Amino acid sequence: TRGVFVFDVSGPGRAGASRVMHRFHRHDQWCLGMVALESDDNSRLDRAISIFTVEADGRYRRSDEHHVQSLFDPTTLVTVLGDIGYDVEVLDNYASEGSYPELPGWYVVRARKL
């Protein structure tokens with residue numbers, strides 16, 4: 001069967017060169033703080049996230065999340081998918097140049113069945 005599939009993947013360097021990333025996003029009704037730590041072997045990203053949401057009475061409700069994400073080297077994905085019959089291309093984003101911000105360690109993989 002022939003076909004194409006496209007997916008994104010996080011790889012080594014996702015937390016930047018220091019392996020630690022801090023982010024804060026503020027909007028009218030919510031704000032989010034995040035600390036991401038990349039493992040020493042570049043195989044895992046741990047993200048601690050706190051979200052504050054404004055309630056109807058003006059108080060903030062806090063929720064905390066912990067996300068663990070496996071990181072994959074795109075060259076390994078190319079090899080594995082190639083070995084099972086796919087023509088693979090690694091892209092910087094889903095659309096044309098400049099339509100998405102540059103994100104460290106984030107890749108788009110397009111695989112076509114030969």
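A residue is called partly exposed when its relative accessible area lies between the buried class, under 20%, and the exposed class, over 50%. E55, with a relative accessible area of 31%, is therefore partly exposed. The model on display is a predicted one, and E55 serves as the point of departure for the tour.

**First stop: E55 and its partner**

Keep E55 selected and add R61. The two residues form a salt bridge, in which the closest N and O atoms are 2.8 Å apart. R61 is also partly exposed, because its relative accessibility is 44%. The structure holds six salt bridges, and two others are visited below.

**Second stop: R59 and D57**

Select R59 together with D57. Here too a salt bridge is present, with 2.8 Å between the closest N and O atoms. R59 counts as exposed, since its relative accessibility is 58%. D57, at 51% relative accessibility, counts as exposed as well.

**Third stop: the open sheet**

Next, display strands β2 to β5 as a cartoon. They make up an open sheet of four strands in the order β2-β3-β4-β5, with antiparallel pairing. Select 20–26 and then 60–70 to show the edge strands, β2 and β5, each of which pairs on one side only. Neighbouring strands of this sheet are turned against each other by 10 degrees on average, with direction ignored.

Now restrict the selection to β4 (residues 44–54) and β5. These strands run antiparallel, and eleven bridges join them. One position to label is R44, whose bridge partner in β5 is S70.

**Fourth stop: V109 in strand β7**

Move to residues 106–113, which form strand β7, and select V109 within that strand. Is V109 buried or exposed? Its relative accessibility is 0%, so V109 counts as buried.

To see what surrounds V109, select F5, V6, F7, V9, L77, L81, V88 and E89: these are its contacts once neighbours within four places in sequence are left aside. A C-alpha distance to P74 may be drawn as well; the separation from V109 is 8.0 Å, although the two residues are 35 residues apart along the chain.

**Last stop: R110 and E89**

From V109, step to R110 and keep E89 in the selection. R110 forms a salt bridge with E89, and the closest N and O atoms are 2.4 Å apart. This pair links distant parts of the chain, with R110 in strand β7 and E89 in strand β6 (residues 86–91), 21 residues apart. R110 counts as partly exposed because its relative accessibility is 24%. E89 likewise counts as partly exposed, at 34% relative accessibility.

Conventions: Residues are numbered from 1 along each chain as its sequence is written. This is a predicted model: local features need pLDDT of at least 70, side-chain atom pairs count only at pLDDT 80 or more; totals for chains, interfaces and linings use all residues. Side-chain values use heavy atoms; hydrogens and water are left out. Two strands pair if DSSP finds at least two bridges between them. Helices (H or I, at least four residues) and strands (E, at least two) are DSSP runs, numbered from the N terminus. Axes are lines fitted to C-alpha atoms, for helices over the stretch in contact, and angles run from 0 to 180 degrees between N-to-C directions. Buried means under 20% relative accessible area, exposed over 50%, partly exposed in between (1.4 Å probe, protein chains only). Contact means heavy atoms within 4.5 Å. A salt bridge is a side-chain nitrogen of Lys or Arg within 4 Å of a carboxyl oxygen of Asp or Glu.
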